[in-house]
Amino acid sequence: MVTIGFEGLSLSEDQQSVQIGDYRFSGTQYSPLKIYTTAEGYPSQVLHPAAWSNSVTIERLDGQPFTLSSFKHGGSFFAEANDATITATQVGGGTLTDSFSSSGSKSQLATKTLEGWTNLTQVVITFVGGDNESFGALDDFVLEASTSPTIPTAPTIPTDPPIPTAPPIPPTPTIPTNTTPELQDATTCRNIGGTDYVWSYS
């Protein structure tokens, strides 16, 4: 488990994503990310969308699932209250949703705790809706790599033993023609099966 904050981080004016450890935090096409510091009244450096009604997306760099246990949130750069929704996509396509509201306080960040938010592929925090459609500060994400459920391997089906080959049929024995002198006047006949028989006349 790791807690990801934004201390010592600086972002360019239009930077849309930042990589910290094994995780990527991304803004949107219309709202890059900003870092605000204690100089702006926050207790530490915080991540902040650049524009109202936009989102911050969290993913692992290696695409593996992860767990999000909690994070901190606070008022906007202008000390405005804000409302936000949290949507997570799980391995297999399931979704989890939650929400939070922040007061306009910048000096004290609140903690949002999430139970059972595991096997996630992506988390999106969207500052939109509610009574205060604004934006706000984010900090101290508690994250951990999680393992997808293992799908058991199907058992091997044994193959049938080979069918034995039938033995060859022996050839039909040949019955020799009778050649004794006293049967010289005999008539030889052949039946349907091809075997010769000798008829004797006395």
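**Figure 1. Lys72 and its salt-bridge partner Asp140 in a predicted model.** Lys72 has a relative accessibility of 31%, so this residue counts as partly exposed. In this predicted model, Lys72 forms a salt bridge with Asp140, and their closest N and O atoms are 3.3 Å apart. The two residues come from distant parts of the chain: Asp140 belongs to strand β12 (residues 137-145) and Lys72 to strand β7, with their positions 68 residues apart in sequence. Asp140 is partly exposed too, with a relative accessible area of 23%.

**Figure 2. The whole chain, for orientation.** Before we zoom in again, here is the overall picture. The protein has 14 strands and zero helices. Of its 202 residues, 33% are buried. Take the contacts between residues at least 6 apart in sequence: 67% of them join residues at least 24 apart. The accessible surface comes to about 12300 Å², and carbon and sulfur atoms account for 54% of that surface.

**Figure 3. Arg60 with Asp22, Asp62 and Tyr23.** The structure holds four salt bridges, and this view is centred on Arg60. Arg60 forms a salt bridge with Asp22, with 3.9 Å between the closest N and O atoms. Here again distant parts of the chain are linked: Arg60 is in strand β6 (residues 55-60), while Asp22 is in the loop between β2 (17-20) and β3 (23-26), 38 residues apart. Arg60 is buried, at a relative accessible area of 11%, whereas Asp22 is partly exposed at 44%. A network of salt bridges links Asp22, Arg60 and Asp62. Arg60 has an aromatic partner as well: its charged end sits over the ring of Tyr23, 5.3 Å from the ring centre.

**Figure 4. Lys112 and Asp98 across two strands.** The side chains of Lys112 and Asp98 meet in a salt bridge, 3.2 Å from N to O. Lys112 lies in strand β10 (residues 110-113) and Asp98 in strand β9 (residues 95-102), so the pair ties together parts that are 14 residues apart in sequence. With a relative accessibility of 15%, Lys112 counts as buried, while Asp98 is partly exposed at 29%.

**Figure 5. Tyr36, Phe77 and Phe78.** Twelve aromatic pairs turn up in a search of the whole structure. Tyr36 and Phe77 form a stacked pair, 4.5 Å centre to centre with 20° between the planes. Tyr36 is in strand β4 (residues 33-36) and Phe77 in the loop between β7 and β8 (82-90), 41 residues apart. Phe77 also pairs with Phe78, this time edge-to-face, at 5.1 Å centre to centre and 80° between the planes. Follow the accessibility through the three residues: Tyr36 is buried at 14%, Phe77 is partly exposed at 29%, and Phe78 is exposed at 56%.

**Figure 6. A cluster of phenylalanine rings, and a lysine over a tyrosine.** Phe6, Phe25, Phe71, Phe100, Phe127 and Phe141 are linked into a cluster by ring pairs. A second panel turns to Lys106, whose charged end sits over the ring of Tyr42, 5.4 Å from the ring centre.

**Figure 7. Thr67 and its surroundings.** Thr67 lies in strand β7 (residues 66-74). Thr67 is buried, with a relative accessible area of 16%. The side chains of Thr67 and Thr118 are joined by a polar contact of 2.8 Å. Beyond residues up to four places away in sequence, Thr67 touches Trp117, Thr118, Asn119, Val142, Leu143, Glu144 and Ser146.

Definitions and conventions. Residues are numbered from 1 along each chain as its sequence is written. This is a predicted model: local features need pLDDT of at least 70, side-chain atom pairs count only at pLDDT 80 or more; totals for chains, interfaces and linings use all residues. Side-chain values use heavy atoms; hydrogens and water are left out. Helices (H or I, at least four residues) and strands (E, at least two) are DSSP runs, numbered from the N terminus. Buried means under 20% relative accessible area, exposed over 50%, partly exposed in between (1.4 Å probe, protein chains only). A polar contact is a pair of N or O atoms within 3.5 Å; within protein, one must be able to donate a hydrogen and the other to accept it, and residues adjacent in sequence count only if both atoms are side-chain atoms. Contact means heavy atoms within 4.5 Å. Accessible areas come from the Shrake-Rupley method with a 1.4 Å probe; for residues, only the protein chains shown count as cover. Rings of Phe, Tyr and Trp (its six-membered ring) pair if their centres lie within 6.5 Å; planes under 30 degrees apart count as stacked, over 60 as edge-to-face and the rest as tilted. A charge sits over a ring if NZ of Lys or CZ of Arg is within 6 Å of the ring centre and within 35 degrees of the ring normal.
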